[in-house]
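Student: Could you take me through one part of this structure slowly, and then show me how the rest of your notes fit around that part? I would like a close look at a pocket and at what forms its walls.

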Amino acid sequence: MHLLLRALDVVERLGNKLPHPFWLFVILSGVLALASWGLSAAGVSALNPATGKTIEAKNLLSAEGVRMMVTDAVKSYTSFPPLGTILVVMLGVAVAERSGLLAAVLRSGVSKVSPRWVTFALAFTGMVSHVASDAAYVVLIPLGALAFRAVGRSPILGIVVAFVSISAGYDASPLITPTDAILSGLTTAAAQTIDPSYSVTPLANYFFSLASSIVLAVVITLVTEKILARRAAEMPVDDDAEEDDLGSLQLTRQERRGLLAALIALAVFVVALVLAVLPASSPLRGKGGSIVESPLLTSISVILALGFLAAGWAYGKVAGTVTSSRDIPGFMAHGFREMAPILVLFFAISQFLAYFKWTGIGEITAINGAGLLKSAGVSGPVIMLGILVVVTLVNLIVTSGSAQWALIGPVFVPMLMLLDIPPETTQALYRIADSCTNAITPMSPYFVMALGFLQRYRRSAGIGTLFSMTVPLSFALLVVWTLLFFVFWVFGIPLGPGAPVR
């Protein structure tokens, strides 16, 4: 434990020296410009086996490169694949969040649960909570403490279960989340360096994500009950710890009626959507009546936004949080304000990726990397395990999922495509590596937040206290989630609609 804590101290010191992700991509753009100058001068090139076209490194500091950076800046940002998708999805999610629907769903998920099922209920609610993005931490962690205390168990254990469910299982959910929209957009951009017509939808990993959410909730339950419960028993709550209002865990009559109204609205929306898709000539179908390659899936962000909007509006009207139609655009505007930091980051990322694509360095690296792996006779599973290890370690320092995928996706996705591994499969691997170590790195601001909640019940708790509780869960989730992925791989189970694993 002492060695692990010292290692975490090193991680924290290294991570604190890193600039904000925005400036990180600005710096990387400068490094890319210098690298492109050197590689272009050296005449570096590669033959794309998929297209038969020779790719030559282009100098970003040339007159042509400078013109591209200036004239294409706006286009690179506005055509950035995740930008439009996430903005459209957030129109609906913002209404569901501001109306109180998402918080009510999370509270209902952990209220009135028997002591026997409280751990699984909280863990699975954590998986559902990913639809609320980072707001899930603020809502569910204190609710986890309340839920466990309500059934006579340690609130410290409830905090740990809630925190790990949200963080270590961040890229798994039974619902489509804003993260799905961001990842699929970045994966599409990376895949199009090899195949310009390739498109990855937010549903590309849905089957895998759904199965993962259930399996991870079970793993969290087993590790908590068999290991952590004993450790929590050795951490008594301070005698003068602040008492929480257990009644806040329960839904009011209005809120329960609001949830019923939201459920009815969502059911009506789904039925209407199914009826609209049933006819073979439906405009929501693709060529030949296809569902997989159709507007229904390729424009799923619009469908998701309308679904969240319908449910959130219905909940708000009945629960009293929506008093007039004017509230809806106000909620949407508030959601956009909360998206501002991501939109700023997206500008830096979009420019870097545009430069990366223009120089051809990413494609050359992917082609040469794939050729090296083929000549070495390295198999698909070995490559995938290597990627898991590398990204898992990087995630200890670069905890922003979108920033990390924007950095490594343009190399890994095309490289694995040339090894006949689909982009959707590479993205599924990234989901695992991007999630599990979130619960043990002090570089995550939510690790510090969880520690703050824990100290409300045990003032002497420190980083080591929380770390000792989250390490067993983080390691178990990494192992089991990886095994689940290979079950999909071995048996050829699709990762999502129209997304074969291999």
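Tutor: A pocket here is an open set of grid points with protein on both sides within 12 Å along at least five of seven lines, and its lining residues are those with an atom within 4 Å of a point. Please keep in mind that the model is predicted.

With that in hand, consider the second largest pocket, which holds about 930 Å³ of space. Its lining is made of 35 residues, and those nearest its centre are Leu175, Leu266, Val270, Leu304 and Phe308. Sorted by class, the lining has 31 nonpolar residues, three polar ones and one charged one. Several helices take part, since helix H6 (101-110), H12, helix H13 (295-298) and helix H14 (300-319) each supply at least two residues of this lining, and H12 gives the most, with 10 residues.

Let us follow one residue of that helix, leucine 266, which is found in H12, a helix that runs over residues 253-277. Leucine 266 counts as partly exposed because its relative accessibility is 35%, and partly exposed lies between under 20% for buried and over 50% for exposed. Leu266 also belongs to a nonpolar surface patch of about 520 Å², which it makes together with Val270, Val271, Val274, Leu275 and Leu278. Leu266 and Val270 therefore appear twice in our picture, among the residues nearest the centre of the pocket and in the surface patch, whose members have over 30% relative accessible area.

Turning from the pocket to charged side chains, the structure holds two salt bridges. In one of them the side chains of arginine 153 and glutamate 225 meet, at 3.0 Å from N to O. This pair links distant parts of the chain, 72 residues apart, with arginine 153 in the loop between helix H8 (135-150) and helix H9 (155-167) and glutamate 225 in helix H11 (residues 206-233). Glutamate 225 is partly exposed, because its relative accessible area is 31%.

The other pair is aspartate 180 and arginine 431, whose closest N and O atoms are 2.4 Å apart. They too join distant parts of the chain, 251 residues apart, aspartate 180 being in helix H10 (residues 178-191) and arginine 431 in helix H19 (residues 423-435). Both aspartate 180 and arginine 431 are buried.

Terms used
Residues are numbered from 1 along each chain as its sequence is written. This is a predicted model: local features need pLDDT of at least 70, side-chain atom pairs count only at pLDDT 80 or more; totals for chains, interfaces and linings use all residues. Side-chain values use heavy atoms; hydrogens and water are left out. Patches are made of residues with over 30% relative accessible area and no salt bridge: like charges are joined within 9 Å, nonpolar side chains (Val, Leu, Ile, Met, Phe, Trp, Tyr) within 5 Å. Accessible areas come from the Shrake-Rupley method with a 1.4 Å probe; for residues, only the protein chains shown count as cover. A salt bridge is a side-chain nitrogen of Lys or Arg within 4 Å of a carboxyl oxygen of Asp or Glu. Helices (H or I, at least four residues) and strands (E, at least two) are DSSP runs, numbered from the N terminus. Buried means under 20% relative accessible area, exposed over 50%, partly exposed in between (1.4 Å probe, protein chains only). On a 1 Å grid over the protein atoms alone, a cavity is a set of points where a 1.4 Å probe fits but cannot get out, and a pocket is an open set with protein on both sides within 12 Å along at least five of seven lines; lining residues have an atom within 4 Å of a point. Grid points are joined across faces, edges and corners, and a volume is the space filled by probe spheres set on the points. Ala, Val, Leu, Ile, Met, Phe, Trp, Tyr, Cys and Pro count as nonpolar, Asp, Glu, Lys and Arg as charged, and the others, Gly among them, as polar.
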